[in-house]
Amino acid sequence: MAAYSSEEYERWEARFGAPDYVFGIQPNYFLASCKPLLPRSGRALAVADGEGRNGVWLAEQGLDVLSIDFSPSAQRKAEALAKQRGVALTFVRTDVHAWDYPAAAFDVVVEIFTQFSSPAERAMKWAGMRKTLKPGGLLILQGYTRKQLQYGTGGPKTVENLYTRQMLEEAFGGFRDITIVEEELEMHEGTSHAGMSAVINLAARK
């Protein structure tokens, strides 16, 4: 579990320790829009799944979901949400940068707003995500672009942690059926993503 600093750990624990779901309990809107692309069955990995809104939704679509995150407070809430929705997920508490991503293990990999990663950590995480997708597997990713610094309605405050089209093209350019869309829109996902936002979406197959 080790690569996170204790300061980072405490910050997220305090954030997720509140009774409310920080990002709400509905799936991320871009993930939900990708429903037609999902297989009818198979294994899905939800990276840095936090309080579980996305992992639980994937399980509701009939997938066998592994939800990974490093916050025990977040995972307790995720387990409660899964129970409330009547679905079963597997939860593993781990550092998403240092986790041993198994090769060709998942039909779907989802990463939504995990922008606490430094550039070096992001490279490790994305290498793991590429490795763990099966050939033909589906990658779904969303993050804030650098323009988000102007809006300040969520996400990191450091430009290095934000995404660009070039960054995604370099990381996942070997994939096929790549769709990358940048958009600015009103987001309302809990109290932490609220207001006009600048995001980039990627859907692609390995």
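This dialogue works through helix faces, helix packing, buried loop residues and backbone angles in a predicted model.

User: I would like to begin with helix H7. Which of its residues are buried?

Analyst: The general idea comes from helix geometry: an α-helix has 3.6 residues a turn, so residues three or four places apart point the same way. In this model, helix H7 spans residues 165-172, and its buried residues are Met167, Leu168, Ala171 and Phe172. These four cover an arc of only 100 degrees around the axis, which puts them on the same side of H7. Gln166 and Glu170, on the other side of H7, are exposed.

User: What do the buried residues of H7 pack against?

Analyst: Their partners are one helix and three strands, namely helix H5 (119-132), strand E5 (133-144), strand E6 (176-189) and strand E7 (193-205).

User: Taking the helix among those partners, at what angle do H5 and H7 pack?

Analyst: A helix pair can be described by the angle and the separation of the axes, then by the residues in contact. H5 and H7 pack at an angle of about 45 degrees, and their axes are 10 Å apart. That angle makes H5 oblique to H7, and H5 passes H7 in a right-handed crossing. On the H5 side the contact is made by Arg122, Trp126 and Arg130, while H7 contributes Met167, Leu168, Ala171 and Phe172. Sorted by class, this contact has five nonpolar, no polar and two charged residues.

User: How should I read the pair formed by H3 and H4, and are they roughly parallel or roughly antiparallel to each other?

Analyst: The reading follows the steps used for the previous pair. Helix H3 (residues 53-60) packs with helix H4 (residues 72-85) at an angle of about 30 degrees, the axes being 9 Å apart. Because angles under 35 degrees count as roughly parallel, H3 and H4 are therefore roughly parallel to each other. The crossing in which H3 passes H4 is right-handed. Arg53, Val56 and Glu60 of H3 make the contact with Ala78, Leu81, Ala82 and Arg85 of H4, and by class that contact has four nonpolar, no polar and three charged residues.

User: How many of the residues of H3 are buried?

Analyst: H3 is mostly covered, with seven of its eight residues buried. The buried residues are Arg53, Asn54, Gly55, Val56, Trp57, Leu58 and Ala59. Asn54 in helix H3 counts as buried at 6% relative accessibility. When its neighbours within four places in sequence are left aside, Asn54 is in contact with Pro27, Asn28, Leu31, Asp49 and Ile112.

User: Which residues of H1 meet H4?

Analyst: The axes of helix H1 (residues 6-16) and H4 come within 7 Å and cross at roughly 35 degrees. From H1, Tyr9, Glu13 and Phe16 meet Pro72, Ser73, Ala74 and Lys77 in H4. The contact of H1 with H4 has, by class, four nonpolar, one polar and two charged residues.

User: Turning to loops, is Gln115 buried or exposed?

Analyst: Accessibility and contacts can be read together here. Gln115 is found in the loop between strand E4 (106-112) and H5, and at 5% relative accessibility it counts as buried. Its contacts, leaving aside neighbours within four places in sequence, are with Gly143, Tyr144, Pro156, Asn161, Leu162 and Tyr163. By contrast, Gly86 in the loop between H4 and strand E3 (90-93) is exposed, with a relative accessible area of 64%.

User: Finally, which sign of phi does Ala48 have?

Analyst: As a general guide, most residues other than glycine have a negative phi. Ala48, although it is not a glycine, has a positive phi of about 50 degrees. Ala48 lies in the loop between strand E1 (43-47) and H3, and it is buried, with a relative accessible area of 15%. Asp177 is another residue other than glycine with a positive value, its phi being near 50 degrees. Asp177 is found in strand E6 and is exposed, with a relative accessible area of 52%. For a glycine, one may look at Gly62, which takes a positive phi of about 95 degrees just after H3.

How values were computed
Residues numbered from 1 in each chain as written. Predicted model: local features only at pLDDT ≥ 70, side-chain atom pairs only at ≥ 80, totals over all residues. Heavy atoms only, no water. Buried < 20%, exposed > 50% of the residue type's maximum accessible area, 1.4 Å probe, protein only. Helix = DSSP H or I, 4+ residues; strand = E, 2+ residues; numbered from the N terminus. Arc of directions from axis to C-beta. Contact = heavy atoms within 4.5 Å. Axes fitted to C-alpha atoms, helices over the stretch in contact; angles between N-to-C directions. Parallel < 35°, antiparallel > 145°, perpendicular 65-115°, else oblique. Left-handed = near helix turned anticlockwise from the far one by under 90°. Nonpolar A, V, L, I, M, F, W, Y, C, P; charged D, E, K, R; others polar.
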